[in-house]
Amino acid sequence: MTIHHRGVRRVQAHHPWVFRSDVLQAEDCSPGDIVEVVSPAKQFLALAFFNPHSQITLRVISHRREEVNRDFWKKRIERALAQRELWRGDRDAYRVIFGESDQLPGLILDRYRHALVFQTLSLGMDLQKPLLISLFGEVLESRALIERNEAAVRELEGLPKQRGIVKGGVPTPFEVREGQHTVLVDPIEGHKTGLYLDQAENRTQVARYVHGRALDAFAFQGEFAIHIADKTSEVICVDSSVSALKAARGNFERNGIRNAFIHEANVFDYLRECQNKKELFDTIILDPPPFVRGKREAAGGLRGYKEINLRAMKILRPGGILVTCSCSQNFTESMFFEMLQEASRDAKRELQVLEKRGAAPDHPVLLSFPESAYLQCWILQVL
Ligand code: SAH
């Protein structure tokens, strides 16, 4: 597979993707095959999964000419597992494999106590499924292996949606620990694979700073609220999903929390109303879905982030804490910084950054792959 000089530079810098526009000559091979990637001068660069149907036509799996066999994949999986062992402590819900960041392009594996949940989000990785399933069985303990292949990105790879129990079985939903608390998770029917695991450490860290009357905006199942309830007088959880809020209420009961309340609303409308009614808070958490999914959505997405942040800044009391997040891959840290600057200028509020955080270590950032630094969680205080 011969690629353009642009692509050569990217592969040499260890970025794991080569786009279709950089593929000059595709040899006779089938979608999903592992191919050799070479420069225009035919110099070997890497081994990669090939998918002519995807904009990401090549996904690098190795920079060496080596045999890609069972042992190759086993070593990669075991390395990812060893990384998690370094930090996980007694955590029973975490991401075991995070795709490109673990040199396993398109493979996601989460653990929820005794259940493992996987996603194969690239065609090449999807074709390795039988081997992966057998390897998971060999190196990981679990009572059930569940497939949650419904992510929209599979369509871009020409893959169908698939979901189900692949091996074993567990009654669902069941409880997992989140810091000092327990939450209910349903890895088969729940949203995504069950929980937003990438925010797990941010939820405990945020609890150090919060006080007074709190708003958990885009609350989902109230996981932030559970962590801050005992540090605040009350927490109002706003979300547009009735089922997520119902789960939140269950989680409050499960943890004996009486000062957290649910409110079904569009966060944009809710913040506007609070501003109009001069309803103030001491703590606001903004954890929206990704507003910028592709480069084309950048302008609209930026407006969305700015609007919620500006309004939140306006309804925070002096000394108030703003926790503001973005999980948009294309919304970089410097863009987020500028957006916050603009919002604070327009809101006429001075804010100090207490912490700039990312995803938990089970979602590692690969230096050569900036897209893996997708999650931002900033903690600020109104002066
Ligand atoms: N904070 C959560 C994760 C939030 S995910 C956690 O820590 O687990 C984003 C949530 O925003 C989803 O629950 C979704 O239902 C909700 N949502 C998306 N757009 C919304 C909107 N405009 N108004 C209110 N909720 C919205």
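By class, which residues make up the shell around the ligand? Hi everyone, let's start there. The shell has eight nonpolar residues, four charged ones and three polar ones. Please keep in mind throughout that this is a predicted model.

So, who is in that shell? In total, 15 residues surround the ligand. The closest are Arg 203, Asp 239, Ser 240, Val 267 and Asp 287.

Let me walk you through some of the polar contacts. Asp 239 uses its side chain: an N or O atom there sits 2.6 Å from an oxygen atom of the ligand. Val 267 takes part through its backbone, where a polar atom is 2.9 Å from a nitrogen atom of the ligand. With Asn 266 we are back to a side chain, and here a polar atom lies 3.3 Å from a ligand nitrogen. How much of the ligand does the protein cover? On its own the ligand has 580 Å² of accessible area, and the protein covers 86% of that.

Now, stay with Val 267 for a moment, and we can move on to the helices. Helix α9 spans residues 267–277, so residue 267 gives us a handy link from the ligand to the packing. As a reminder, two packed helices are described by the angle between their axes and the distance between those axes.

The partner of α9 here is α10, residues 298–314; the two axes come within 9 Å and cross at roughly 30°. Angles under 35 degrees count as roughly parallel, and α9 and α10 are therefore roughly parallel to each other. Their crossing is left-handed.

Follow α10 onward and you meet α11, residues 333–347. These two pack at an angle of about 45°, with 9 Å between their axes, which makes α10 and α11 oblique to each other. The crossing of this pair is right-handed.

One further pair, earlier in the chain: α2, residues 70–87, packs with α4, residues 129–139. Their axes are 10 Å apart and the angle is about 50°, so α2 and α4 are also oblique. The handedness of that crossing is right-handed.

Before I finish, two backbone details. Most residues other than glycine have a negative phi, and most peptide bonds are trans. Where should you look for exceptions? Go to Thr 172 and Pro 173, which are joined by a cis peptide bond with omega at about -5°. Pro 173 is placed in the loop between β11 (162–168) and β12 (174–178). Then go to His 14, a non-glycine residue with a positive phi, near 70°. His 14 also lies in a loop, the one between α1 (5–12) and β2 (17–19).

That's my tour, thanks for listening!

Conventions: Residues are numbered from 1 along each chain as its sequence is written. This is a predicted model: local features need pLDDT of at least 70, side-chain atom pairs count only at pLDDT 80 or more; totals for chains, interfaces and linings use all residues. Side-chain values use heavy atoms; hydrogens and water are left out. A residue is near a molecule or strand if one of its heavy atoms lies within 4 Å of it. A polar contact is a pair of N or O atoms within 3.5 Å; within protein, one must be able to donate a hydrogen and the other to accept it, and residues adjacent in sequence count only if both atoms are side-chain atoms. Accessible areas come from the Shrake-Rupley method with a 1.4 Å probe; for residues, only the protein chains shown count as cover. Ala, Val, Leu, Ile, Met, Phe, Trp, Tyr, Cys and Pro count as nonpolar, Asp, Glu, Lys and Arg as charged, and the others, Gly among them, as polar. Axes are lines fitted to C-alpha atoms, for helices over the stretch in contact, and angles run from 0 to 180 degrees between N-to-C directions. Helices (H or I, at least four residues) and strands (E, at least two) are DSSP runs, numbered from the N terminus. Angles under 35 degrees count as roughly parallel, over 145 as roughly antiparallel, 65 to 115 as roughly perpendicular and the rest as oblique. A crossing is left-handed if the near helix is turned anticlockwise from the far one by less than a right angle, and right-handed if clockwise.
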